[in-house]
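Here's a quick briefing to read with the model open beside you. Take a look at it first, then work down the points.

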Amino acid sequence: MNLKFLIPTLILALAAGLAPDGAVKAAQTINISAQNFMFSPATITVKTGATVTWVNHDEEPHTIFSDVGLFRSSALDTNERFSYTFDKPGTYHYICTIHPRMTGTIIVE
Ligand SMILES: [Cu+2]
């Protein structure tokens, strides 16, 4: 292939990879662990559109249960995960229904 065509093609391909929509796709992914019967971090602030993933690091099952019914996981066994994407700003509280003293808050800005 002629280099005069190849180089502009490569530059265009590179530019496409750096386009603004690439930045949009780089949404936040946040991990929260359930460990020692606590959520950690218990309170976290994220950007709108962030996906939060909870991971159970305990030997006991835990659930992730929104107090307003926005999201609810099944009982997560050890190393199981549950994710939810927060599309709207607000303050979201959740508990583990098996151990209701386990509470957490997601603040979405
Ligand atoms: Cu629990």
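Two strands pair if DSSP finds at least two bridges between them, and the strands themselves (E, at least two residues) are DSSP runs, numbered from the N terminus, as are helices (H or I, at least four residues). What you're looking at is a predicted model, where local features need pLDDT of at least 70, side-chain atom pairs count only at pLDDT 80 or more, and totals for chains, interfaces and linings use all residues. Residues are numbered from 1 along each chain as its sequence is written.

**Confidence**

- The chain has a mean pLDDT (the predictor's confidence in each residue, from 0 to 100) of 86, and 76% of its residues reach 70 or more.
- Residues 13–17 have a pLDDT below 50, and beyond near neighbours in sequence this stretch has one contact in the model; a contact here is two residues whose C-beta atoms, placed from the backbone, lie within 7 Å.

**Strands and how they pair**

- As a bit of background, strands of a sheet pair through backbone hydrogen bonds, either parallel or antiparallel.
- Four strands make an open sheet in the order S3-S8-S7-S5, and the pairing is mixed.
- S3 and S5 are the edge strands, since each pairs on one side only.
- Two bridges link S5 to strand S7 (residues 90–95) in the antiparallel sense, with serine 66 having tyrosine 94 in S7 as its bridge partner.
- Over six bridges, S1 pairs in the parallel sense with strand S4 (residues 51–56); threonine 29 has threonine 51 as its bridge partner there.
- S1 also runs antiparallel to S2, joined to that strand by three bridges, and serine 33 has serine 40 in S2 as its bridge partner.
- S1 and S2 form a hairpin with two residues between them.

**Backbone oddities**

- Most residues other than glycine have a negative phi, and most peptide bonds are trans.
- Asparagine 36 goes the other way, with a positive phi near 55°. You'll find this residue in the loop between strand S1 (29–35) and S2.
- Is asparagine 36 buried or exposed? Asparagine 36 is exposed, because 9 other C-beta atoms lie within 10 Å; the cut-offs are 20 or more for buried, 12 or fewer for exposed and partly exposed in between, counting other C-beta atoms within 10 Å, all placed from the backbone.
- Asparagine 79 has a positive phi too, near 70°, and sits in the loop between strand S5 (65–66) and strand S6 (81–85). Asparagine 79 is exposed, with 9 other C-beta atoms within 10 Å.
- The peptide bond from serine 40 to proline 41 is cis, with omega near -5°. Proline 41 itself is in the loop between strand S2 (38–40) and strand S3 (43–46).

**Core and contacts**

- The largest nonpolar core (buried Ala, Val, Leu, Ile, Met, Phe, Trp, Tyr and Cys residues joined through C-beta atoms within 7 Å) has 10 residues, including Phe39, Trp54, Tyr94 and Cys96.
- Beyond neighbours within four places in sequence, tryptophan 54 touches base with Ile32, Ala34, Ile64, Arg81 and Phe82, all of them contacts.
- Phenylalanine 65 lies in strand S5 and counts as partly exposed, with 18 C-beta neighbours inside 10 Å.
- Leaving aside neighbours within four places in sequence, phenylalanine 65 is in contact with Arg72, Tyr94, Ile95, Cys96 and Thr97.
- Phenylalanine 65 and alanine 75 are 10 residues apart in sequence, and their C-alpha atoms are 10.0 Å apart in space.
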